[in-house]
Amino acid sequence: MHKGRINIKDIAKALGVAPSTVSRALSNQGRVSPKTKASIMELAEKWGYRPNPFARNLQKNKSGLIGLILPEFTHHYFAKVLSGVNKIINKSDYRLIINVHEGSVEKEKEIVKMLSEMHVDGVLASYARETDDFEHYLSLIEEEVPLVFVDRMCEDLDASYVISDDFDGSRLAIDHLVQSGARRIAYISGPDRLSTTFTRLTGYKEVMNKHRLPHPDHWVLPTNGSDWTEQLEHLVMNENIDALLAYSDYLAFDAVQVLRRLGKRVPEDVAVVGFADEPIASYMTPQLTSVHQPAFEMGQKAAGILLDELSNPSQAISSLVLPNQLIARDSTKSDHSRLHKTG
């Protein structure tokens with residue numbers, strides 16, 4: 001009995017025929033004598049031969065594989081993105097290769113190179129927070145590999161993307177805080193190079209302008225390479241900050257801990273709003289008001305766009321922006337049964 005994985009060459013050698021003859025017989029294509037074909041089929045069944053779909057697809061200049069690049073998938077938000085992508089891809093003829101760069105640009109570049117070498121048919125990506133050179137993604141485009149960014153966009157590349165409306169998410173948050181009586185609202189910012197950081201910060205500034213409220217530059221607390229908690233302590237104790245909007249729920253959680261150390265009550269003294277509506281928002285005390293982002297839907301839409309581009313290579317680039325919702329809870333002064341939507 002033959003041991004190990006059986007391939008066409010093994011069958012050809014055993015029967016003394018050409019591998020191409022075995023291939024034609026197994027695929028029922030081309031001319032093979034009935035006697036030879038019967039021998040090939042009999043031995044293939046006896047040895048448990050199974051065709052290699054990857055090799056077969058490569059012959060068609062197609063791998064049947066789609067690469068997914070995420071910052072992480074243990075994080076609830078990106079786990080939802082993954083779940084959305086997976087639901088759509090599982091209904092297709094493609095298979096998903098999941099990769100995590102963990103915020104490392106170098107690891108991200110290695111992943112892109114590996115996917116290129118595997119001849120994946122398309123790529124879905126949420127790039128690393130430190131990425132400022134997109135040459136590795138440009139190489140995919142130059143190789144005519146369809147690329148769709150999810151959650152983050154890159155205006156320098158001619159690639160589709162699906163994001164949530166972070167600008168309007170900031171509007172929802174600031175409007176809600178203002179309606180609850182806040183007037184001196186600071187912002188805890190995110191990673192410098194992410195498109196989400198720019199859009200959320202721009203939303204904060206423009207909506208504060210709309211309400212004609214003060215927002216000097218030092219009320220924006222950068223969290224890259226600085227001790228923003230010390231700056232927050234100063235603002236709360238010396239500049240009477242009465243509300244905070246944070247780039248993420250995790251930064252909002254940290255801010256609440258700072259406020260507690262200072263003896264400040266949430267929301268009576270300082271109201272707090274986060275972003276993403278992670279599970280931590282409901283587990284915190286007080287429960288956190290947060291801008292809910294449709295992570296699962298983003299994954300679905302991004303996967304759908306990629307499949308469309310694979311079936312129609314001439315399709316135009318897609319730019320999809322999904323609405324957010326504000327989930328009002330106990331960290332702001334409001335009737336937390338209310339739910340506000342963008343759009």
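**Sheet, helices and odd backbone spots**

Me: Which strands does helix α7 lie across?

Reply: Helix α7 (residues 135–142) lies across β1 (65–70), β3 (122–125) and β4 (147–150), and runs at about 140 degrees to β4. Contact here means heavy atoms within 4.5 Å. Axes are lines fitted to C-alpha atoms, for helices over the stretch in contact, with angles from 0 to 180 degrees between N-to-C directions. Helices (H or I, at least four residues) and strands (E, at least two) are DSSP runs, numbered from the N terminus.

Me: Before I go on, what should I know about the model and the numbering?

Reply: This is a predicted model, in which local features need pLDDT of at least 70 and side-chain atom pairs count only at pLDDT 80 or more, while totals for chains, interfaces and linings use all residues. Residues are numbered from 1 along each chain as its sequence is written, and side-chain values use heavy atoms, with hydrogens and water left out.

Me: Thanks! Back to β4: which way do its side chains point?

Reply: Leu 147 and Phe 149 point one way, Val 148 and Val 150 the other, and all are buried, meaning under 20% relative accessible area (exposed is over 50%, partly exposed in between; 1.4 Å probe, protein chains only). In a regular strand, side chains alternate between the two faces of the sheet.

Me: And how does β4 pair with β3?

Reply: They pair in the parallel sense over 3 bridges, where pairing requires that DSSP finds at least two bridges between two strands. Ala 125 has Phe 149 in β4 as its bridge partner. The chain goes from β3 through α7 to β4 in a right-handed β-α-β crossover: with the strands pointing away from the viewer, the path from the first strand over the helix to the second runs clockwise.

Me: What about the other neighbour, β5?

Reply: β4 and β5 run parallel and are joined by 3 bridges. Val 150 has Val 162 in β5 as its bridge partner. Strand β5 (residues 160–164) also pairs with β11 in the parallel sense, over 4 bridges, and Ile 163 stands opposite Val 321 in β11.

Me: So what's the full strand order?

Reply: The order is β2-β1-β3-β4-β5-β11, an open sheet of 6 strands with parallel pairing. Its edge strands, β2 (95–100) and β11 (319–322), each pair on one side only. Neighbouring strands are turned by 15 degrees against each other on average, direction ignored.

Me: Switching topic: how do α1 and α3 cross?

Reply: The axes of helix α1 (residues 8–15) and helix α3 (residues 34–47) come within 10 Å and cross at roughly 125 degrees. That makes α1 oblique to α3, since angles under 35 degrees count as roughly parallel, over 145 as roughly antiparallel, 65 to 115 as roughly perpendicular and the rest as oblique.

Me: Which residues meet there?

Reply: Asp 10, Ile 11, Ala 14 and Leu 15 in α1 meet Ser 39, Ile 40, Leu 43, Ala 44 and Trp 47 in α3.

Me: Last thing, where are the cis peptide bonds?

Reply: One runs from Val 266 to Pro 267, with omega near 10 degrees, and Pro 267 is in the loop between α11 (249–261) and β9 (271–276). Another joins Thr 285 and Pro 286, with omega about -5 degrees. Most peptide bonds are trans, and most residues other than glycine have a negative phi.

Me: What is phi at Ala 276, then?

Reply: Ala 276 has a positive phi of about 110 degrees, although it is not a glycine. Ala 276 sits in strand β9 and counts as buried at 12% relative accessibility.
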